[in-house]
Amino acid sequence: MSTDTFPLLDHPLSIQLRNDICKGATSFGIDLTEAKADLLTDYVLLLDKWNKAYNLTAIRDPKEMVFRHILDSLSIVPHIVGDYILDVGSGPGLPGIVLAILYPEKKFTTLDSNGKKTRFMQQAKNDLKLDNLTVANCRVENFEAPQPFDAITSRAFSSLVNMVDGTKHLLSASGVYLAMKGLYPEEELKELMDRHEIELVGCEPLNVPGTEGDRHLVILTNRH
């Protein structure tokens, strides 16, 4: 196991965490390289370390973080499109940092208005050497980007209407929204369709190993 990326791989939990990540990824049809498995393990251990001081996530057990955070983020991999991807309301980097690790050839921006969470993401970028990641500390409605994004992801970020209201200036004409939700958001979708020229591409159930409760991915695009 490589330890070049980050010294926390010496952590006694690392082997178990790494095995759970690799097993979960395989269940999604993702064959992780050694380097990516190491980086995802490093990220969990770094999140656990910072979480003790800065309360970045309500999940306290790093083993549970693997299922509730890492595998949940990996569950949308089949739907990732384009080269420029924005993750809004990224919190400590979910799913944005997980996806940036998985796709080093794509450019990711993680956006959050919470300073302690963006400071953590910047530290993770530096420690994990994620050159394809940009971290922005800003309210989404005030954020400007040098180019439109091919996809905008979100995980537990407000309502669908608020997401589209805040980011419509950032999505390319042919881009897609990938909004992670719990229960099928019937009322949110109805409100969204009443207010915006948005097309529902699909609402895919997400089956995440080791987690309970419904998970869905809402896929939206601009109506042409």
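User: Hi! Quick one to start: which residue in E3 is the bridge partner of Thr109?

Analyst: Hello! Thr109 has Thr134 as its bridge partner in E3. Keep in mind that this is a predicted model.

User: Noted. In what sense do E2 and E3 pair, and over how many bridges?

Analyst: E2 and E3, the latter covering residues 133-137, pair in the parallel sense. Five bridges link E2 to E3.

User: And what about E1 and E2, which sense is that?

Analyst: Parallel, with five bridges between E2 and E1, which spans residues 84-88. For a specific contact, look at Tyr84, whose bridge partner in E2 is Lys107.

User: Which helices go into the β-α-β units there?

Analyst: Helix H4, residues 96-102, joins E1 and E2 in a right-handed unit. Helix H5, residues 115-128, does the job for E2 and E3, and that β-α-β unit is right-handed as well.

User: Is E2 largely enclosed or open, and why?

Analyst: Largely enclosed by the rest of the structure, because five of its six residues (107-112) are buried.

User: Let's zoom out. What is the strand order in the sheet?

Analyst: The order reads E3-E2-E1-E4-E5-E7-E6. That is an open sheet of seven strands, and the pairing is mixed.

User: Which strands stand at the edges?

Analyst: E3 and E6 (198-205) do, each with a single partner strand, so one side of each has no neighbour in the sheet. From one strand to the next, the twist averages 20°.

User: I was looking at Thr221. Where does it sit, and is it buried or exposed?

Analyst: Thr221 lies in strand E7, which runs over residues 216-222. Its relative accessibility is 12%, so Thr221 counts as buried.

User: How far is Thr221 from Ile198, in sequence and in space?

Analyst: They are 23 residues apart in sequence, while the C-alpha to C-alpha distance is 5.8 Å.

User: OK, on to the helices. At what angle do H1 and H2 pack?

Analyst: About 120°, with the axes of H1 (residues 14-27) and H2 (residues 34-54) 9 Å apart. That angle makes H1 oblique to H2. The H1 and H2 crossing is right-handed.

User: How do H1 and H3 cross?

Analyst: At roughly 30°, and their axes come within 10 Å; H3 covers residues 62-74. Angles under 35 degrees count as roughly parallel, and H1 and H3 are therefore roughly parallel to each other. The crossing of H1 and H3 is right-handed too.

User: Now some backbone checks before I set anything up. Is the peptide bond from Leu94 to Pro95 cis or trans?

Analyst: Cis, with omega near 5°. Pro95 is in the loop between E1 and H4. As general background, most peptide bonds are trans.

User: What is the phi of Lys129, and where is that residue?

Analyst: Phi is near 55° for Lys129, a positive value in a residue that is not glycine. Lys129 sits in the loop between H5 and E3. With a relative accessible area of 59%, Lys129 is exposed.

User: And what is the phi of Ser158?

Analyst: About 50°, which is positive even though Ser158 is not a glycine. Ser158 belongs to the loop between strand E4 (149-155) and helix H6 (160-167). Its relative accessibility of 40% puts Ser158 in the partly exposed class. Most residues other than glycine have a negative phi.

User: Last topic, cysteines. How many disulfides are there?

Analyst: Zero disulfides are counted. The rule asks for a pair of cysteine sulfur atoms within 2.5 Å.

User: Are Cys138 and Cys203 buried, partly exposed or exposed?

Analyst: Cys138 is at 21% relative accessibility and counts as partly exposed. Cys203 is at 18% and counts as buried. The cut-off for buried is under 20% relative accessible area, so the two values fall on opposite sides of it.

User: Great, thanks for walking me through it!

Technical notes
Residues are numbered from 1 along each chain as its sequence is written. This is a predicted model: local features need pLDDT of at least 70, side-chain atom pairs count only at pLDDT 80 or more; totals for chains, interfaces and linings use all residues. Side-chain values use heavy atoms; hydrogens and water are left out. Buried means under 20% relative accessible area, exposed over 50%, partly exposed in between (1.4 Å probe, protein chains only). Helices (H or I, at least four residues) and strands (E, at least two) are DSSP runs, numbered from the N terminus. Two strands pair if DSSP finds at least two bridges between them. A crossover is right-handed if, with the strands pointing away from the viewer, the path from the first strand over the helix to the second runs clockwise. Axes are lines fitted to C-alpha atoms, for helices over the stretch in contact, and angles run from 0 to 180 degrees between N-to-C directions. Angles under 35 degrees count as roughly parallel, over 145 as roughly antiparallel, 65 to 115 as roughly perpendicular and the rest as oblique. A crossing is left-handed if the near helix is turned anticlockwise from the far one by less than a right angle, and right-handed if clockwise.
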